[in-house]
Every structure is written in C-alpha cells, then in structure tokens.
Amino acid sequence: MSKAVRVICAGIDPQLLESRRLVLQAAGFEATCVSPAEALKALTTSPFDFMIISVSVSEKDREALRAAASGNTRVIQLHTFTAPQELLALLRP
C-alpha cells in the first residue's frame with residue numbers, strides 16, 4: 001500500500017482553504033489547509049511533501065513558511081487564483 005502524499009496549504013480565506021482541502025482529498029492527497037501561523041506550527045511537528053502558499057499570505061509570512069519547510073518539502077507559491085485542475089497539476093510529477 002502506498003503512502004498518501006502529504007500537502008499543507010497556508011492561506012487567509014477559510015472558504016478557499018476548505019475548498020482546496022476538499023479538492024486535494026478527493027484527488028487522494030492527505031491535505032492540511034490552515035492559516036500561516038498554524039502552518040508554521042504544523043511544519044515544526046510533521047513532515048509534508050508539498051506546501052502551497054496562497055497569494056493572500058503576506059511576504060513576511062511567506063518567507064517564514066519557506067524557512068520552516070524541510071529540505072524534502074516542495075514549496076509552491078501561488079501568485080493568482082488557481083483553479084482546482086491547475087492546483088492538482090502542480091502536484092503531479
């Protein structure tokens with residue numbers, strides 16, 4: 001049995017985070033979608049394969065999140081609204 005790919009999404013808008021979580025889980029990813037502060041805490045306690053940083057996150061928080069990500073975490077910085085199919089394409093090899 002293969003291990004689920006773990007993704008953490010950091011953002012400001014709770015509705016957008018929830019919709020991303022649902023899209024990612026439906027595609028088979030283990031998704032955690034939280035505020036930047038919660039993402040920082042999660043990154044210190046658990047490894048993730050990918051981190052998606054929403055366009056709404058401040059530059060200061062983006063820098064802190066990138067610094068907190070382990071070397072094995074691929075960081076994806078979104079610069080605009082990203083449709084679900086585009087988001088999933090970013091996570092595919």
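Helices (H or I, at least four residues) and strands (E, at least two) are DSSP runs, numbered from the N terminus. With those names in hand, asparagine 72 can be placed in the loop between α3 and β4. The model is predicted, so to speak of local features requires pLDDT of at least 70 and side-chain atom pairs count only at pLDDT 80 or more, while totals for chains, interfaces and linings use all residues. Residues are numbered from 1 along each chain as its sequence is written, and side-chain values use heavy atoms, with hydrogens and water left out.

## The sheet

Let us start with the strands. Four of them form an open sheet with parallel pairing, in the order β2-β1-β3-β4; two strands pair if DSSP finds at least two bridges between them. At the edges are β2 (30-34) and β4 (74-77), each of which pairs on one side only. On average, neighbouring strands of this sheet are turned by 15 degrees against each other, direction ignored. Axes here are lines fitted to C-alpha atoms, for helices over the stretch in contact, and angles run from 0 to 180 degrees between N-to-C directions.

Strand β1 (residues 6-10) pairs with β2 in the parallel sense over five bridges. Another four bridges join β1 to β3, and these two strands run parallel. β3 and β4 are also parallel, joined by four bridges. Some of the residues that face each other across these pairings are listed here.

| Residue | Partner | Strand of the partner |
|---|---|---|
| Valine 7 | Alanine 31 | β2 |
| Alanine 10 | Valine 34 | β2 |
| Alanine 10 | Isoleucine 53 | β3 |
| Methionine 51 | Valine 75 | β4 |

How is β1 covered? Five of its five residues are buried, where buried means under 20% relative accessible area, exposed over 50% and partly exposed in between, with a 1.4 Å probe and protein chains only. Arg6, Ile8 and Ala10 point one way from the strand, Val7 and Cys9 point the other way, and all are buried.

## Helices over the strands

Helix α1 (residues 14-26) lies across β1 and β2, and runs at about 175 degrees to β2. Together, β1, α1 and β2 make a right-handed β-α-β unit. A crossover is right-handed if, with the strands pointing away from the viewer, the path from the first strand over the helix to the second runs clockwise.

Helix α3 (residues 59-68) lies across β1, β3 (50-53) and β4, running at about 175 degrees to β3. A right-handed β-α-β unit is made here too, by β3, α3 and β4.

## Three residues to look at

Proline 36 has its place in helix α2 (residues 36-45). Is proline 36 buried or exposed? Proline 36 counts as buried because its relative accessible area is 7%. Contact means heavy atoms within 4.5 Å. Leaving aside neighbours within four places in sequence, proline 36 is in contact with Ala10, Gly11, Ile12, Val57, Asp61 and Leu65. Its C-alpha atom is separated by 7.4 Å from that of leucine 65, and the two residues are 29 residues apart along the chain.

Valine 5 lies in the segment before β1. Valine 5 is partly exposed, with a relative accessible area of 30%. Leaving aside neighbours within four places in sequence, valine 5 is in contact with Phe29, Glu30, Asp49 and Phe50. From C-alpha to C-alpha, valine 5 and aspartate 49 are 6.2 Å apart in space, and 44 residues apart in sequence.

Aspartate 49 also turns up beside asparagine 72: their C-alpha atoms are separated by 6.5 Å, at 23 residues apart along the chain. Not counting residues up to four places away in sequence, asparagine 72 touches Phe48 and Asp49. Asparagine 72 is exposed, with a relative accessible area of 69%.

## Rings

Which charged residue lies over the face of phenylalanine 48? Arginine 6 does, at 4.4 Å from the ring centre. A charge sits over a ring if NZ of Lys or CZ of Arg is within 6 Å of the ring centre and within 35 degrees of the ring normal.
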